[in-house]
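Trainee: I would like to go through this model and ask what stands behind each term.
Mentor: Go ahead, one term at a time.

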Amino acid sequence: MSTTTILVAVVLGVAAGVLAGLFGVGGGVLFVPVLVALGLDQLEAQGTSLLAILPTVLAGTWNQRRYGNLRPRTAVVIGVTSVVGVELGARLATQLPEITLRRLFAALLFGVAAHLVWRTRREASRYPGSP
Amino acid sequence: MRLVAIGLVAGVFSAFFGVGGGIVAVPLLILLAGIPERAATATSLMAIAITASAGVVVYGFRGEVDVGYAALVGLPAAAGALAGSAWQQRIRTSTLTYGFAVLLTALGVWLLAG
């Protein structure tokens, strides 16, 4: 791997973390395409993204707890029940052809981009006049 | 009960796409559970820690987790998450958001073309 590749991966990693901290997501929407660009196949990129998400959300959680925004009990209920869904989601992903999964992921990226713009515009209309 | 539904949806979504599931969990926490936006994003992060851990185990059994690559992007992302969650408290971030929207759209186009 060239130095430039490593540098780009690190910069996009930081960007994924900023996205995660701002919006309460894991950053996987950036990790997966970056890992595909680094040469992993779609499924491997998704599994690796899930591991990369861990330090990201732990750092974000730690910070948010200091700000008093965290609701640990709610988080545990959602997190624990999500485990049931995880097995199903992974099974569906492994059964799909690589190209289908990749196209669905591209659709997800468009959807997330539109969603972020919508959320920001809604916020802006709620607090008009702020810079 | 609503929280259970949110958890199930987030879990399927997370493992299917290899993401945290926060993109569905945060709006659902706001709309269904009535949690304020900032608290929803904070709570989502902690829930994702559990969801993604389960995902790592499931994908790991299938041999689809590369630890080195995960560290390469995940450790810089931890620093980014500290910054992002701090900025969330004090500045308006619309310019940054539009930047992310453009980046995600570009990556989507690249995935379709590649």
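**Core, contacts and crossing**

Mentor: In this predicted model, the largest nonpolar core has 84 residues, and those with the most contacts inside it are A:Ala16, A:Leu19, A:Leu109 and B:Val73. Helix H3 (residues 37-61) of chain B supplies the largest share of this core, 14 residues.

Trainee: What makes a set of residues a nonpolar core?

Mentor: The members must be buried residues of listed types, Ala, Val and Leu among them, joined through C-beta atoms within 7 Å. A:Ala16, A:Leu19, A:Leu109 and B:Val73 belong to the core of 84 residues. As a general point, nonpolar side chains tend to be buried together in soluble globular proteins.

Trainee: Which residues is B:Val73 in contact with, leaving aside its neighbours within four places in sequence?

Mentor: B:Val73 is in contact with A:Ala9, A:Leu12, A:Gly13 and A:Ala16, and also with A:Phe31, A:Val34, A:Leu35 and A:Ala52. The word "contact" calls for C-beta atoms within 7 Å.

Trainee: How many residues of chain A and of chain B are in contact with each other?

Mentor: On chain A there are 89 such residues, and on chain B 83. Helices H1 (3-23), H2 (28-37), H3 (42-66), H4 (72-95) and H5 (98-126) of chain A each supply at least two residues to the side that touches chain B. H3(A) gives the most, with 21 residues. By type, that side of chain A divides into 57 nonpolar, 27 polar and five charged residues.

Trainee: Why are H1(A) and H4(B) called oblique to each other?

Mentor: The axes of H1(A) and helix H4 (residues 67-90) of chain B come within 6 Å and cross at roughly 40°. Angles under 35 degrees count as roughly parallel, and 65 to 115 as roughly perpendicular. The crossing of roughly 40° falls in neither class, and H1(A) and H4(B) are therefore oblique.

Trainee: What is the hand of that crossing, and which kinds of residue are in the contact?

Mentor: H1(A) passes H4(B) in a right-handed crossing. The contact of H1(A) with H4(B) has 20 nonpolar residues, eight polar and no charged.

Trainee: Why is H2(A) described as largely enclosed?

Mentor: Nine of the ten residues of H2(A) are buried, so the helix is largely enclosed by the rest of the structure. A residue is buried if 20 or more other C-beta atoms lie within 10 Å of its own. In H2(A), A:Gly28, A:Val29, A:Leu30, A:Phe31, A:Val32, A:Pro33, A:Val34, A:Leu35 and A:Val36 are buried.

Trainee: What follows H2(A)?

Mentor: A:Gly39 follows H2(A), and its phi is positive, near 115°.

Trainee: What makes the pattern of chain A α-α-α-α-α?

Mentor: Chain A has five helices and zero strands, and reading along its sequence gives α-α-α-α-α. Chain B likewise has five helices and zero strands, with the pattern α-α-α-α-α.

Trainee: What are the box and the buried share for each chain?

Mentor: The C-alpha atoms of chain A fill a box of roughly 45 × 40 × 25 Å along the principal axes, and buried residues make up 54% of its 131 residues. For chain B the box is roughly 40 × 35 × 30 Å, and buried residues make up 55% of its 114 residues.

Notes. Residues numbered from 1 in each chain as written. Chains lettered and ligands numbered in written order. Predicted model: local features only at pLDDT ≥ 70, side-chain atom pairs only at ≥ 80, totals over all residues. Helix = DSSP H or I, 4+ residues; strand = E, 2+ residues; numbered from the N terminus. Buried ≥ 20, exposed ≤ 12 C-beta atoms within 10 Å, placed from the backbone. Contact = placed C-beta atoms within 7 Å. Nonpolar A, V, L, I, M, F, W, Y, C, P; charged D, E, K, R; others polar. Axes fitted to C-alpha atoms, helices over the stretch in contact; angles between N-to-C directions. Parallel < 35°, antiparallel > 145°, perpendicular 65-115°, else oblique. Left-handed = near helix turned anticlockwise from the far one by under 90°.
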